[in-house]
Amino acid sequence: MKIATTTGDFSFYCDTDAERIRELHRAGFRYIDLNLYSFTPDCVYLQENWRDAVLKLRELAESLDMTFVQAHSQGGNPLSEDARHVDFLLQATLRSIEICEILGIPNTVAHNGFAKGLSKEEWFERNKAFYERLFPTMERCGVNVLCENSTKSNMGDRYFINTGKDMREFIDYVGHPLIHGCWDTGHANCEGSQYDEIMALGSELYAIHYNDNHGAKDDHVAPFWGRLNHDEVIQALIDVGFQGPFTLECSSSLIRYDEWTGKRRRFDKENREEKLREPQLFMQRHVESLLYDTAKWMLESYGLFEA
């Protein structure tokens, strides 16, 4: 397998995707998962010259001998009652599909919507209706859109595809040849054992998000920083015949100030300056190199590594 990771690893430290790609290259990565998760109305990808910006990214990757293999489309809630939110989410998701076409990316992940009080049947129906609005652009661009398993620790009773079986059922229900699945190992680790669920997803498994946690919270940390059963997951990927890249999604290995403080009282003894609030770029660089080396060792242990 080819090792990829998300440009989101450097979202906090770098202002542009070009900078993030260069950092991934320094860490040893040659395959890129392009994070298109956080568009804003004024971002470069929603301006008139968006194609020029994407072409520059393609040229940069080619100059570094790097390849785009996967993407993650805009985050949001397609089932929101806020029509403006849904309209922007649709606009951003369609643009991400167009970006994938230019960069030769075959698969992009798009989160399903969530809402309280829906039956499973209603949830399937309303999410299918949103996906149907993507079909013409998907077909024109030749890009697969992948739904993703979540976990009750994130979604409670508002989401209905936390298992491989349910993902397969939803994909079959949508019934479009460009709709498939992405398996998130961290989400699944919060639910329990993964082998049978990956096997249930079967041939609809087109991509993975590989990350670790301690089983109770979706932490998105690096392998061996949590309690994921790595042998179980790797063996399932082998047995299910997974052919995609080994795509890491461990962007929260270092925790930022606004995340670790949460609702805790902030230190303010005599209004002293806090000098150790945020992780630094040099720290993320070390984490990223360790992340690559760890993934390489994991795949080499099973004879799966592909340069």
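Arginine 168 and aspartate 172 sit 4 residues apart in helix 7 (residues 164-174), so about one helical turn separates them. Their side chains meet in a salt bridge, 3.9 Å from N to O. Arginine 168 is partly exposed, at 25% relative accessibility. Elsewhere, Glu23, Arg26 and Arg285 are joined into one network by salt bridges that share partners. The model is predicted, and it holds 12 salt bridges.

Helix 1 offers another pair. Aspartate 17 and arginine 20 both lie in this helix, 3 residues apart, about one turn. Their side chains form a salt bridge at 3.0 Å, N to O. Aspartate 17 has a relative accessible area of 8% and is therefore buried, since buried means under 20%. Arginine 20, at 12%, also counts as buried.

A further salt bridge joins glutamate 81 to arginine 126, with the closest N and O atoms 3.9 Å apart. This pair links distant parts of the chain, 45 residues apart. Glutamate 81 is in the loop between strand 3 (67-72) and helix 3 (83-103), while arginine 126 is in helix 4 (residues 120-132). Glutamate 81 is exposed at 72% relative accessibility. Arginine 126 is partly exposed at 32%.

Now the helix packing. The axes of helix 1 (residues 17-27) and helix 12 (residues 281-301) come within 8 Å and cross at roughly 55°. The two helices are therefore oblique to each other. The crossing is right-handed.

Last, the surface. Phe224, Trp225, Leu290 and Trp297 make a nonpolar patch of about 440 Å². Phenylalanine 224 lies in the loop between strand 7 (205-209) and helix 10 (230-240). Phenylalanine 224 is partly exposed, at 48% relative accessibility.

Note on methods: Residues numbered from 1 in each chain as written. Predicted model: local features only at pLDDT ≥ 70, side-chain atom pairs only at ≥ 80, totals over all residues. Heavy atoms only, no water. Patch = residues over 30% accessible without salt bridge, like charges linked within 9 Å, V, L, I, M, F, W, Y side chains within 5 Å. Areas by Shrake-Rupley, 256 points an atom, 1.4 Å probe, with all protein chains shown as cover. Salt bridge = Lys/Arg side-chain N within 4 Å of Asp/Glu carboxyl O. Buried < 20%, exposed > 50% of the residue type's maximum accessible area, 1.4 Å probe, protein only. Axes fitted to C-alpha atoms, helices over the stretch in contact; angles between N-to-C directions. Parallel < 35°, antiparallel > 145°, perpendicular 65-115°, else oblique. Left-handed = near helix turned anticlockwise from the far one by under 90°.
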